[in-house]
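New to this one? Have a look around first, and then we'll go through some questions together.

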There are 2 protein chains.
Amino acid sequence: MKMSEQEGITVKKGENFSEWYTQIVEKAELSDIRYNVKGFVVFRPWSVMSMELMYDFLEAEMRAKGHKPAWFPALIPESNFKKEADHVEGFGAEVFWVTEAGSEGKKLEERLAMRPTSETAMYNMYALWIRTWRDLPMKLYQRCQVWRYEGKATRPFIRSREFYWVEGHDVFATQEEAEAQVAEDMEVTENVLHGKYGIPFIFFQRPQHDKFAGAVNTYAADTIMPDGRALQLPSTHLLGQNFAKAFDIKFADKDGQEKYVWQTCYGPAVSRIFAAVIGIHGDDKGLVMPPNISPVQIVIIPIYDDSSKKKVLEAADGIKAKVDKQFRVEVDARDEYTPGWKFNHWEVRGVPLRIEIGPKDMKKDQVVFVRRDSGEKEEVKQTKIAVEAKRMLRKIQKNVSKKADKYMKGHMHRANTTRSLKKTLREKGGFVKVNWCESDECADYIKAETDGGVIRGTRFGVEDRKRGKCVHCKKETDTVVYVARQY
Amino acid sequence: MKMSEQEGITVKKGENFSEWYTQIVEKAELSDIRYNVKGFVVFRPWSVMSMELMYDFLEAEMRAKGHKPAWFPALIPESNFKKEADHVEGFGAEVFWVTEAGSEGKKLEERLAMRPTSETAMYNMYALWIRTWRDLPMKLYQRCQVWRYEGKATRPFIRSREFYWVEGHDVFATQEEAEAQVAEDMEVTENVLHGKYGIPFIFFQRPQHDKFAGAVNTYAADTIMPDGRALQLPSTHLLGQNFAKAFDIKFADKDGQEKYVWQTCYGPAVSRIFAAVIGIHGDDKGLVMPPNISPVQIVIIPIYDDSSKKKVLEAADGIKAKVDKQFRVEVDARDEYTPGWKFNHWEVRGVPLRIEIGPKDMKKDQVVFVRRDSGEKEEVKQTKIAVEAKRMLRKIQKNVSKKADKYMKGHMHRANTTRSLKKTLREKGGFVKVNWCESDECADYIKAETDGGVIRGTRFGVEDRKRGKCVHCKKETDTVVYVARQY
């Protein structure tokens with residue numbers, strides 16, 4: 001028996017989130033940090049199966065909105081990488097370089113960057129493919145991993161030097177269409193992250209000093225983790241014509257004029273969003289998976305002794321047969337583990353619905369449903385299993401999402417002074433609204449004075465400009481921004 | 001209008017396969033070889049959507065057989081990579097090395113290999129995870145790309161320095177179980193490549209001089225391309241305890257003894273299998289996609305003039321609505337292209353079924369079905385569209401597969417002398433059965449003497465040992481092997 005699992009999670013999420021997170025990653029076998037390259041981790045089956053389901057929803061939504069998938073090389077020639085000045089300044093420090101190949105270590109003619117993001121891999125090709133207005137819009141995405149040599153401490157899913165994402169790269173004839181794409185990217189984020197994974201967030205327009213390297217504007221979704229810190233989720237960037245000019249992407253318009261294209265890019269990092277799934281939905285017993293993205297939605301635990309074993313196992317298989325066309329379901333019939341061990345095993349992994357069946361239940365033609373999110377038990381007639389399972393899973397999905405929304409709503413505050421901002425960030429966490437004069441000096445001061453409170457930007461799509469005084473310099477301003485400590 | 005497409009394929013597959021392949025890759029927009037790193041290509045949406053479907057079948061089959069997915073790092077420390085002596089000898093020459101990072105090009109403490117295959121990334125972790133017999137069997141796979149610095153000419157899908165595959169890595173308590181896994185891998189190959197993609201192949205046990213670096217035995221599937229050359233498809237390897245000893249992967253068995261595990265690995269390269277799909281199923285007009293893996297299974301082409309436009313487009317949408325729950329279907333309603341241009345556009349891409357609808361058809365309450373595989377046309381009543389489409393797609397899938405089988409069967413020959421072997425390889429291509437004494441000298445001689453005829457090995461699972469004389473040295477032997485020129 002694997003005793004570490006049997007123990008379950010030994011700290012409370014609300015008391016020591018960091019330790020709770022470490023334990024859950026280990027005990028639910030989500031990731032292993034012992035891989036012997038600094039900053040790189042192994043993603044284990046339970047998290048990978050979940051993230052595959054997350055990818056499915058995300059890609060389906062992006063395809064429904066007219067994106068097509070492509071696979072671009074993982075290696076980018078240094079000369080491509082350096083074409084857009086801001087971009088290389090922003091990402092240069094984070095690149096792993098391939099410099100040699102073969103057993104003799106033959107030097108390559110040019111250094112090759114392992115993609116930290118793929119603008120500079122893709123846009124050379126875009127310049128070849130796009131000729132006229134008929135080729136636009138062009139909306140491509142790729143599902144891939146990227147590599148970033150960064151210094152901050154490794155935390156599985158939250159931050160590692162290799163992570164998994166989708167990157168969408170869209171090209172338009174006009175600025176208006178590009179701006180509309182940014183809005184569509186936000187809609188995709190809402191439909192998938194919130195609608196399917198149950199993760200709430202707020203979209204901010206980032207301050208100019210915090211935008212994507214090479215972009216005109218950056219819009220990023222932030223959620224709040226249980227320790228009150230903000231975690232950045234997908235961001236979408238209006239690239240304007242910056243890259244078009246650097247990579248010479250032009251098209252002949254309907255009016256016969258040759259013009260530079262307008263571009264956007266969008267980067268939902270599935271492995272990082274999974275960190276939000278762990279943190280936001282989890283509880284003191286372990287993961288709580290939203291049914292939509294749980295690798296196993298229903299686990300059936302047969303409870304038997306030697307005399308009842310055969311009958312109970314047959315009944316368990318019968319239940320499975322009733323639901324496995326509709327749901328992802330498993331019977332845990334392993335003989336070497338006790339039912340109690342199995343309860344814990346699947347609870348730590350967050351399986352939404354457990355069905356228990358034993359000799360007593362069989363006599364009553366029933367089973368017992370146990371909800372992972374609430375712990376509630378319910379006796380269900382054998383004839384009603386399929387319909388009740390469907391109803392229950394739908395309910396769990398809703399409840400998990402609602403709980404998360406409530407948590408988010410409870411973490412929106414307001415401050416008028418840096419002192420109260422600091423106090424609120426420390427004691428309550430979450431987002432704190434303040435007026436800000438838009439100067440870098442005040443942003444720096446706020447960050448230093450509040451132990452890392454960062455201006456996340458102005459809220460997008462919600463009008464909350466309000467006359468007031470900058471929280472630091474007291475200059476009058478309409479600009480209201482949200483401050484949070486961040487991952 | 002994109003004239004290059006409008007032209008269609010201008011050479012016949014049977015006359016100049018190489019040029020035909022180049023044209024199809026370009027005109028069906030499958031891949032672009034103009035990416036500016038030698039040996040790296042871009043995979044474009046049509047091929048990626050097909051390969052995603054191929055991945056779906058392959059992963060579903062592997063999961064059904066008890067494999068679970070994981071994601072291991074793309075970078076392997078040099079010290080891991082060098083642990084198994086044969087392995088490093090076999091792959092060392094093909095490794096891209098990451099040696100530095102960041103804008104200043106800071107040297108890393110240890111060189112990191114971009115994985116050419118993941119044994120040496122995974123097996124360190126296996127040694128940590130596997131403790132007792134309860135942890136076995138352990139069957140994991142990962143879907144990823146790998147990188148190999150190799151010298152042969154780049155051909156999209158057939159050979160490039162970056163390719164896409166699944167790699168399965170399984171661990172067992174006994175040799176018998178490992179051997180059974182090799183057989184299961186072959187079964188997966190049969191069910192998926194042949195059963196779903198319609199690609200025929202033969203499994204060979206490779207001669208010892210041609211096995212996977214570090215394996216005890218290698219079993220590889222070969223198909224025959226239209227130019228008569230063999231293309232290697234998935235291979236499965238019995239690793240024995242070689243890696244277990246190098247990576248110290250041991251378990252406490254039921255008898256209390258500590259033992260080394262037994263391992264296998266399996267590597268179906270989806271991007272390469274797609275080359276077989278192109279080559280084997282394609283015809284003089286372009287791709288012929290098996291319905292199972294065609295991104296679009298049915299394309300509806302409305303044929304209209306100004307007066308009928310509205311009605312015909314509505315009818316086309318109505319047809320789509322009838323079939324789009326069951327099939328991947330698209331209406332090509334682009335106004336800027338003619339029906340003739342569209343016919344060619346979708347024929348080059350191999351869409352299995354075209355449905356044409358125009359004013360005349362509407363009057364007769366019918367549509368016209370056109371099969372891509374045979375070119376046959378059929379009038380179908382509007383009320384029968386769904387049922388007929390289903391029947392037709394099933395028929396096309398079968399026919400495409402049968403045609404391929406027939407081609408394969410027609411390319412099995414026999415020779416008793418190197419002279420006739422050479423002649424057969426040159427004039428007929430395919431596999432030629434010969435007796436072979438199992439000496440490396442004779443293998444080398446055969447290869448040199450027949451312009452590249454390579455011994456693919458003994459056929460697996462089919463008894464065709466036969467007393468005869470080695471085709472070169474004339475020594476008596478029972479061993480019958482298959483020779484083919486190869487990619």
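Below is a set of questions and answers about this predicted model.

Q: How many helices and strands does chain A have?
A: Keep in mind that the model is a predicted one. Counting up the secondary structure of chain A gives 15 helices and 25 strands.

Q: What radius of gyration does chain A have, set against that of a compact globule?
A: The C-alpha trace of chain A spans about 80 × 55 × 50 Å along its principal axes. For 487 residues, a compact globule would come out near 23 Å. The value for chain A agrees with that, at 25 Å.

Q: What share of the residues in chain A is buried?
A: A residue counts as buried when its relative accessible area is under 20%. Of the 487 residues in chain A, the share that is buried comes to 60%.

Q: Among contacts in chain A between residues at least 6 apart in sequence, what share joins residues at least 24 apart?
A: Contact here means heavy atoms within 4.5 Å. Take the contacts in chain A whose residues are at least 6 apart in sequence, and the share joining residues at least 24 apart is 68%.

Q: What kind of axis relates chain B to chain A?
A: To superpose chain B on chain A, you turn it by 180° with 0.0 Å of shift along the axis, and the RMSD is 0.0 Å. That is the relation of a two-fold axis.

Q: In chain B, which residue has the C-alpha nearest the axis?
A: The rotation that superposes chain B on chain A is 180°. In chain B, the C-alpha nearest that axis lies 2.1 Å from it, and belongs to B:Val98.

Q: What percentage of the interface residues of chain B are also interface residues in chain A?
A: The copies meet through the same surface, because the share of chain B's interface residues that are also interface residues in chain A is 100%.

Q: What is the strand order in the open sheet of 11 strands in chain B?
A: The pairing in this open sheet is mixed. Its edge strands are S3 (68-69) and S20 (412-414) of chain B, and each pairs on one side only. Written out, the order in chain B is S3-S7-S8-S14-S11-S10-S9-S22-S25-S21-S20.

Q: Which residues stand opposite B:Thr264 in S14(B)?
A: Strand S8 (residues 162-172) of chain B pairs with S14(B) in the antiparallel sense over 5 bridges, and strand S11 (residues 230-240) of chain B does so over 4 bridges. Opposite B:Thr264 you find B:Asp170 and B:Leu238.

Q: How many residues of strand S14 of chain B are buried?
A: Both faces of S14(B) are covered, with B:Trp262, B:Thr264 and B:Tyr266 on one side and B:Gln263 and B:Cys265 on the other. For this strand, residues 262-266, the buried count is 5 of 5.

Q: What kind of aromatic pair do B:Phe40 and B:Phe96 form?
A: The structure holds 53 aromatic pairs over all chains. The ring centres of B:Phe40 and B:Phe96 are 5.8 Å apart with the planes at 65°, so this pair is edge-to-face.

Q: How many residues apart are B:Phe40 and B:Phe96?
A: B:Phe40 is buried at 1% relative accessible area, and B:Phe96 is buried at 2%. B:Phe40 sits in the loop between strands S1 (31-32) and S2 (42-43) of chain B, while B:Phe96 is in strand S5 (residues 96-101) of chain B. The pair links distant parts of the chain, with a separation of 56 residues.

Q: In which helix do B:Phe243 and B:Phe247 lie?
A: These two form a stacked aromatic pair, 6.4 Å centre to centre with 20° between the planes. B:Phe243 and B:Phe247 are 4 residues apart, about one turn of the helix, and that helix is H8 (residues 242-247) of chain B.

Q: How far apart are the C-alpha atoms of B:Ile9 and B:Lys285?
A: B:Ile9 is in the loop between helices H1 (3-7) and H2 (17-27) of chain B, and B:Lys285 is among its contacts. The two residues are 276 residues apart along the chain, but their C-alpha atoms are separated by 5.9 Å.

Note on methods:
Residues numbered from 1 in each chain as written. Chains lettered and ligands numbered in written order. Predicted model: local features only at pLDDT ≥ 70, side-chain atom pairs only at ≥ 80, totals over all residues. Heavy atoms only, no water. Buried < 20%, exposed > 50% of the residue type's maximum accessible area, 1.4 Å probe, protein only. Helix = DSSP H or I, 4+ residues; strand = E, 2+ residues; numbered from the N terminus. Pairing = 2+ DSSP bridges. Least-squares fit on C-alpha atoms with pLDDT ≥ 70 in both. Phe/Tyr/Trp six-rings, centres within 6.5 Å; stacked < 30°, edge-to-face > 60°. Rg over C-alpha atoms; globule rule 2.2 N^0.38 Å. Lists of a residue's contacts leave out its neighbours within four places in sequence.
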